[in-house]
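Me: I'd like to learn how to read a protein model feature by feature. Could you walk me through one?

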Amino acid sequence: MQRYKEFGLKLTPQRLSILAFLENNKSHPTAEDIYRHIAKKFPTMSLATVYKTLETLKARGRIKEITIDAEKRHFDPETGRHHHAICTGCKKIVDIFMDFDLSAADTDLRGFEITGSHVEFYGLCPDCRKTTTANKR
Ligand code: ZN
Ligand code: MN
């Protein structure tokens with residue numbers, strides 16, 4: 001929590017509660033997930049406030065927005081370089097901490113100076129694979 005104090009975001013109890021929920025959260029929650037969790041403690045807080053806080057945190061580089069899911073915006077407190085895999089069955093998103101050789105993209109990408117890259121994987125997670133196999137029997 002200490003690391004949030006330095007960037008001049010006024011830490012209201014609501015905002016602290018959002019930050020506490022995101023800290024070490026590996027589930028890549030959506031804004032709605034976060035709102036639902038926070039609303040238990042702060043029933044008067046609006047979804048708009050949650051969005052605004054998430055935007056502020058994102059603008060300050062404290063969280064990343066993940067766009068792997070076309071239907072929902074997800075947020076990630078892990079800002080270090082990593083990739084994601086999304087399950088096409090249950091839509092769960094998991095971290096992929098592996099290095100892929102993307103050096104070809106560094107040399108010539110239509111004149112772009114590349115500042116970042118991110119690999120997205122799609123497929124069935126182990127749980128969904130089990131269910132699919134069970135259904136076939
Ligand atoms: Zn799944
Ligand atoms: Mn992640």
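Reply: Happily; we will go from the overall fold to a helix pair, two metal sites and some backbone angles. Keep in mind that this is a predicted model.

Me: Let's begin with the fold. How many helices and strands does the protein have, and in which order do the elements run?

Reply: Listing the elements is a good way to get your bearings. Here there are six helices and five strands. Starting at the N terminus, the order is α-α-α-α-β-β-β-β-α-β-α. The protein has 137 residues, of which 31% count as buried. Among contacts with a separation of 6 or more, 44% join residues 24 or more positions apart.

Me: Now a helix pair. At what angle do the axes of α2 and α4 cross, and which residues make the contact?

Reply: For a helix pair, look at the axes, then the handedness, then the side chains. The axes of α2 (residues 13–22) and α4 (residues 47–59) come within 11 Å and cross at roughly 65 degrees. The crossing is right-handed. On the α2 side the contact uses R15, I18, L19 and L22, and on the α4 side V50, T53, L54 and L57. By type, these residues comprise six nonpolar, one polar and one charged. As for burial, the buried residues of α2 are S17, I18, L19 and L22.

Me: On to the metals. Which residues coordinate the zinc ion, and why is the arrangement called tetrahedral?

Reply: With a metal, find the donors, then check the angles between them. The zinc ion (ligand 1) is held by the SG atoms of C87, C90, C125 and C128, at 2.3 Å. The angles subtended by the four donor atoms run from 103 to 116 degrees, and the arrangement is therefore tetrahedral; the criterion is that all angles lie between 85 and 135 degrees. Along the sequence, the donor residues follow the spacing C-x2-C-x34-C-x2-C.

Me: Are C87 and C90 buried or exposed?

Reply: Relative accessible area settles that. C87 has a value of 3%, so C87 counts as buried, the limit being under 20%. C90, at 40%, is partly exposed.

Me: And which residues are the donors of the manganese ion?

Reply: The same reading works there. The manganese ion (ligand 2) has as protein donors H28 (NE2), D76 (OD), H82 (NE2), H84 (NE2) and D95 (OD), which lie 2.0 to 2.3 Å from the ion. Their spacing along the chain is H-x47-D-x5-H-x1-H-x10-D. D76 belongs to strand β2 (residues 74–76) and D95 to strand β4, so this pair ties together parts that are 19 residues apart in sequence. Both D76 and D95 are buried.

Me: Last topic: backbone angles. What is phi of N24, and where does N24 lie?

Reply: The general idea is that most residues other than glycine have a negative phi. In N24, phi is near 60 degrees, a positive value in a residue other than glycine. N24 comes just after α2, in the loop between α2 and α3 (31–41). With a relative accessible area of 63%, N24 is exposed.

Me: What about phi of K91?

Reply: K91 also has a positive phi, near 70 degrees. K91 sits in the loop between β3 (83–87) and β4 (93–96). Its relative accessibility of 34% makes K91 partly exposed.

Notes: Residues are numbered from 1 along each chain as its sequence is written. Chains are lettered from A and ligands numbered from 1 in the order in which they are written. This is a predicted model: local features need pLDDT of at least 70, side-chain atom pairs count only at pLDDT 80 or more; totals for chains, interfaces and linings use all residues. Side-chain values use heavy atoms; hydrogens and water are left out. Donors are N, O and S atoms within 2.8 Å of the metal (3.2 Å for Na, K and Ca); water is not among the atoms, so sites may look incomplete. Four donors count as tetrahedral if all angles lie between 85 and 135 degrees; four count as square planar and six as octahedral if opposite donors are over 155 degrees apart and all others between 65 and 115; anything else is irregular. Buried means under 20% relative accessible area, exposed over 50%, partly exposed in between (1.4 Å probe, protein chains only). Axes are lines fitted to C-alpha atoms, for helices over the stretch in contact, and angles run from 0 to 180 degrees between N-to-C directions. Helices (H or I, at least four residues) and strands (E, at least two) are DSSP runs, numbered from the N terminus. A crossing is left-handed if the near helix is turned anticlockwise from the far one by less than a right angle, and right-handed if clockwise. Contact means heavy atoms within 4.5 Å. Ala, Val, Leu, Ile, Met, Phe, Trp, Tyr, Cys and Pro count as nonpolar, Asp, Glu, Lys and Arg as charged, and the others, Gly among them, as polar.
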